[in-house]
Amino acid sequence: MGIFDDYDLEDFLEDVKKGRARGKHPYYENGDYYCSVCGEPWDAYGVRVALKGGVGDMTREEAERFMKGLGCPCCPSRLHRRVETLGIVKENL
Ligand SMILES: [Zn+2]
């Protein structure tokens, strides 16, 4: 089950693009999403393709974690654990 089953993906991406989701989800600017954990920029197109199950810059699972603000594949593993320790889990989103 994906995290977008009850939330339209395009609406969500538009929220992020307009900054309404800033602080919780990756920050969007000039075609890139900036990881909310480590700040690494990712090409927005590649992330969107991955979210839809295509061959993007990360796997779909990684893209879902990324868009939920749980970090990207570049984050040090300790940051991923830190985020999970804080209780930011998909059940809360
Ligand atoms: Zn990251």
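**Reading the folds of a predicted chain**

From the N terminus on, the chain's elements run α-β-β-β-α-α-α. This is a predicted model, and the chain holds four helices and three strands.

Me: Let's start with trust. What is the mean pLDDT of the chain, and how many of its residues, in percent, reach 70 or more?

Reply: The mean is 73, and 55% of the residues reach 70 or more. Confidence varies along the chain: helix α2 has the highest mean, at 93, while helix α4 (residues 77–85) has the lowest, at 57. Over residues 1–5 the pLDDT is below 50, and that stretch makes seven contacts in the model beyond near neighbours in sequence. Residues 89–93 are also below 50, with five such contacts.

Me: What should a reader do with coordinates where pLDDT is low?

Reply: Where the value is low, the predicted coordinates should not be read in detail.

Me: On to the strands. How do you know that β1 and β2 pair, and in which direction do they run?

Reply: At least two bridges are needed for two strands to count as a pair. β1 and β2 (residues 32–34) are joined by three bridges, therefore they pass that test, and they run antiparallel. One of the contributors is tyrosine 28, whose bridge partner in β2 is tyrosine 33.

Me: What makes β1 and β3 the edges of the sheet?

Reply: The open sheet has three strands in the order β1-β2-β3, with antiparallel pairing. β1 (27–29) and β3 (41–43) each have a single partner strand, so one side of each is left without a neighbour in the sheet. From one strand to the next, the twist averages 30°.

Me: Which helix lies across these strands, and at what angle to β3?

Reply: Helix α2 (residues 44–51) lies across β1, β2 and β3, and runs at about 70° to β3.

Me: Let's zoom in on that helix. Why is valine 47 called buried?

Reply: A residue counts as buried if 20 or more other C-beta atoms lie within 10 Å of its own. Valine 47, found in helix α2, has 23 of them within 10 Å, so the label "buried" fits. Leaving out residues up to four places away in sequence, valine 47 touches Tyr33, Trp42, Gly56, Asp57, Ala63 and Phe66.

Me: How do you know that the buried residues of α2 sit on the same side?

Reply: The buried residues of α2 are Val47, Ala50 and Leu51. They cover an arc of only 100° around the axis, which puts them on the same side of α2. A general point helps here: an α-helix has 3.6 residues a turn, so residues three or four places apart point the same way.

Me: Which residues of α3 are buried, and what covers them?

Reply: In helix α3 (residues 60–67) the buried residues are Ala63, Arg65, Phe66 and Met67, and α2 is among what covers them. Alanine 63 shows the link nicely: beyond its neighbours within four places in sequence, alanine 63 is in contact with Val47, Ala50, Leu51, Gly56 and Met58.

Me: Which residues of the largest nonpolar core touch the most other members?

Reply: That core has 13 residues, and those touching the most other members are Cys35, Trp42, Val47, Leu51, Ala63, Phe66 and Cys72. Helices α2 and α3 each supply at least two residues of this core. Over the whole chain of 93 residues, 22% are buried.

Me: Now aspartate 43. What makes this residue count as partly exposed?

Reply: The class "partly exposed" lies between the exposed limit, 12 or fewer C-beta neighbours, and the buried limit, 20 or more. Aspartate 43 has 13 inside 10 Å, so the count falls in between. The residue is in strand β3 and touches Gly31, Asp32 and Asp57, not counting residues up to four places away in sequence.

Me: And asparagine 30: why is this one called exposed?

Reply: Asparagine 30 has 7 other C-beta atoms within 10 Å, and the limit for "exposed" is 12 or fewer, so the residue qualifies. Its place is the loop between β1 and β2.

Me: What makes the phi of asparagine 30 worth a second look?

Reply: Most residues other than glycine have a negative phi. Asparagine 30 is not a glycine, yet its phi is positive, at about 50°. Positive phi values also turn up at two glycines: glycine 53, which follows α2, is near 90°, and glycine 69, which follows α3, is near 85°.

Key:
Residues are numbered from 1 along each chain as its sequence is written. This is a predicted model: local features need pLDDT of at least 70, side-chain atom pairs count only at pLDDT 80 or more; totals for chains, interfaces and linings use all residues. Axes are lines fitted to C-alpha atoms, for helices over the stretch in contact, and angles run from 0 to 180 degrees between N-to-C directions. Two residues are in contact if their C-beta atoms, placed from the backbone, lie within 7 Å. pLDDT is the predictor's confidence in each residue, from 0 to 100. A nonpolar core is a set of buried Ala, Val, Leu, Ile, Met, Phe, Trp, Tyr and Cys residues joined through C-beta atoms within 7 Å. The arc is that of the directions from the helix axis to the C-beta atoms.
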